[in-house]
Amino acid sequence: MTNKERRDAQMAYISDDSVMEEQKICRRKLQKLNFMDRSDFAGIEAAVKDLLGKSDGAFINPPFYCDYGTHIEAGKNFYANYNCTILDVAKVKIGDNCQMAPNVAIYTAGHPIHPMSRSSMYEYGKEVTIGDNVWIGGNVVVCPGVHIGDNVVIGAGSVVTKDIPDWSVAAGNPCRVLKKITDADKKKLFRDEEIDEEAWEDIVNRMEG
């Protein structure tokens, strides 16, 4: 097997010249995105669409960093705030209506634990999947092989090492489920504060429309 085939099969592989050629293409696209006029929203959106393997209405606030771009599959209305890093050695699949706060890092890449194996230059990538309607807070790290379900909120500063089930609020290092999200949370804004009536009426009208 070639190293690219081994990488894509989530096996141990080496970043040889053929692998690095793919990364060079990505780095040229990142150079364009990360040095664009920050007020050129249409230009940024077009650069993001060119970078990502699959997207529909995605917007990323530069700077943004990834290894390939084409290994990231983002659903509808994906949004990532400043300084997001996605090491997409393996696939990163992101559902619809997902939001990421500043400094979110998603890592599919890893290295052997033992120094003998690690110094051999072999590494690996393990797929990360994120469901629909997920909000990931600032400075969160998502580790290789993690699966985050639908309708999940990950609290700021969390390190996600294990799968998180649907309809959960999870936080901490390591990240753990704190509560389930229910209909009682629909009007919640910040802590015990609720969405005001004017905004709530607008939300209901737009959701029903």
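This report walks through a parallel sheet, a buried serine and a pair of cysteines in a predicted model.

Let's start with the sheet. Five strands make up an open sheet with parallel pairing, and their order is S2-S5-S8-S13-S16. The edges belong to strand S2 (54–56) and strand S16 (147–148); each has a single partner strand, so one side of each is left without a neighbour in the sheet. For S2, two bridges lead to strand S5, residues 72–76, and these two strands run parallel. If you would like a specific pair to look at, Lys54 has Glu73 in S5 as its bridge partner.

Next comes Ser168, which sits in strand S19 (residues 168–171). Ser168 counts as buried because its relative accessibility is 0%. Which side chain shares a polar contact with that of Ser168? The partner is Lys180, at 3.5 Å. Leaving aside residues up to four places away in sequence, Ser168 touches Asn151, Val152, Val153, Val177, Lys179, Lys180 and Ile181.

Finally, the cysteines. Searching the whole structure turns up zero disulfides. Why is there no bond between Cys26 and Cys66? The sulfur of Cys26 has its closest cysteine sulfur in Cys66, but the distance is 3.5 Å, which is too far for a bond, as a disulfide needs the sulfur atoms within 2.5 Å. Both residues are set out here:

| Cysteine | Relative accessible area | Closest cysteine sulfur |
|---|---|---|
| Cys26 | 1%, buried | Cys66, 3.5 Å |
| Cys66 | 7%, buried | Cys26, 3.5 Å |

Terms used. Residues are numbered from 1 along each chain as its sequence is written. This is a predicted model: local features need pLDDT of at least 70, side-chain atom pairs count only at pLDDT 80 or more; totals for chains, interfaces and linings use all residues. Side-chain values use heavy atoms; hydrogens and water are left out. Two strands pair if DSSP finds at least two bridges between them. Helices (H or I, at least four residues) and strands (E, at least two) are DSSP runs, numbered from the N terminus. Buried means under 20% relative accessible area, exposed over 50%, partly exposed in between (1.4 Å probe, protein chains only). A polar contact is a pair of N or O atoms within 3.5 Å; within protein, one must be able to donate a hydrogen and the other to accept it, and residues adjacent in sequence count only if both atoms are side-chain atoms. Contact means heavy atoms within 4.5 Å.
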